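Me: I'm new to this one and would like a friendly walk through it. Could you show it to me first?

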Amino acid sequence: MPRRKPPRRPPTRPLTEVLGGGTSSASYAGQVWTVRTVRGNATGKSYTCPGCQQQVSAAQAHVVVWPAEGLGDVTDRRHWHTPCWQARDRRPPRGSWR
């Protein structure tokens with residue numbers, strides 16, 4: 001009877017790679033933020049963009065931003081339209097995220 005090979009363990013990868021290759025850092029409002037580009041998906045969720053206070057559908061590509069210190073709690077994450085995040089210095093966030 002042939003011997004079985006032991007199962008291969010996947011190599012350990014850095015957290016930023018596991019979270020997605022599109023993770024980067026940006027400074028804003030005196031803090032460092034982790035910014036992740038998210039592709040659209042069909043979950044049906046929607047979020048409120050802090051930049052324009054309009055709905056961000058999970059079906060469209062957007063960015064998710066959270067404090068770089070630690071992973072940040074779920075309540076610390078904000079979903080921005082990509083153009084709103086790029087214009088955050090010209091148009092500061094209103095409403096739920098000041």
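**A walk through the model**

Me: Let's start with Gln 55 and Thr 48: what distance goes with the polar contact between their side chains?

Reply: This is a predicted model, so keep in mind that values here come from a prediction. The side chains of Gln 55 and Thr 48 are joined by a polar contact. Thr 48 is also on the list of residues that Gln 55 touches, along with Ser 46, Tyr 47, Gln 60 and His 81, leaving aside those up to four places away in sequence. The polar contact spans 3.4 Å.

Me: Is Gln 55 buried, partly exposed or exposed?

Reply: Gln 55 sits in strand E4, residues 55–57. Its relative accessible area is 47%, and the middle class runs between 20% and 50%. So Gln 55 is partly exposed.

Me: How far is Gln 55 from Lys 45 in space, C-alpha to C-alpha?

Reply: Along the sequence, Gln 55 and Lys 45 are ten residues apart. In space, C-alpha to C-alpha, the gap is 9.9 Å.

Me: His 81 came up as a neighbour of Gln 55. Is His 81 buried or exposed?

Reply: His 81 lies in the loop between strand E6 (78–80) and helix H2 (82–86). It touches Cys 49, Cys 52, Gln 54, Gln 55, Val 56, Gln 60 and Val 63, again not counting residues up to four places away in sequence. With a relative accessible area of 14%, against a cut-off of under 20%, His 81 is buried.

Me: Cys 52 is on that list. How many disulfides are there?

Reply: The sulfur of Cys 84 is the nearest cysteine sulfur to that of Cys 52, at 3.8 Å. A disulfide needs the two sulfurs within 2.5 Å, so Cys 52 is in no disulfide. Cys 84 is in none either. The count is zero.

Me: And what relative accessibility does Cys 84 have?

Reply: Cys 52 is buried, with a relative accessible area of 17%. Cys 84 counts as buried as well, and its relative accessibility is 6%.

Me: On to the sheet: in what order do its four strands come?

Reply: The sheet is open and its pairing is antiparallel. Its edge strands are E1 (23–28) and E6, each pairing on one side only. From one strand to the next, the twist averages 35°. The order is E1-E2-E5-E6.

Me: How many residues of strand E5 are buried?

Reply: Strand E5 covers residues 62–67. Six bridges join E2 (residues 31–38) to E5, and three join E5 to E6. E5 is largely enclosed by the rest of the structure, because its buried residues number six of the six.

Me: Which residue in E6 is the bridge partner of Val 64?

Reply: Looking from E5 towards E2, Thr 34 stands opposite Trp 66, while Val 38 has His 62 as its bridge partner. Looking towards E6, the bridge partner of Val 64 is His 79.

Me: Last one: which residues do the ring pairs link into a cluster?

Reply: There are two aromatic pairs. Tyr 28 and Trp 85 sit edge-to-face, 6.1 Å centre to centre with 70° between the planes, and this pair links strand E1 with helix H2, 57 residues apart. Trp 80 and Trp 85 are edge-to-face too, at 5.1 Å and 75°, and both are buried. The cluster is therefore made of Tyr 28, Trp 80 and Trp 85.

Key:
Residues are numbered from 1 along each chain as its sequence is written. This is a predicted model: local features need pLDDT of at least 70, side-chain atom pairs count only at pLDDT 80 or more; totals for chains, interfaces and linings use all residues. Side-chain values use heavy atoms; hydrogens and water are left out. Buried means under 20% relative accessible area, exposed over 50%, partly exposed in between (1.4 Å probe, protein chains only). Helices (H or I, at least four residues) and strands (E, at least two) are DSSP runs, numbered from the N terminus. Contact means heavy atoms within 4.5 Å. Two strands pair if DSSP finds at least two bridges between them. A polar contact is a pair of N or O atoms within 3.5 Å; within protein, one must be able to donate a hydrogen and the other to accept it, and residues adjacent in sequence count only if both atoms are side-chain atoms. Axes are lines fitted to C-alpha atoms, for helices over the stretch in contact, and angles run from 0 to 180 degrees between N-to-C directions. Rings of Phe, Tyr and Trp (its six-membered ring) pair if their centres lie within 6.5 Å; planes under 30 degrees apart count as stacked, over 60 as edge-to-face and the rest as tilted.
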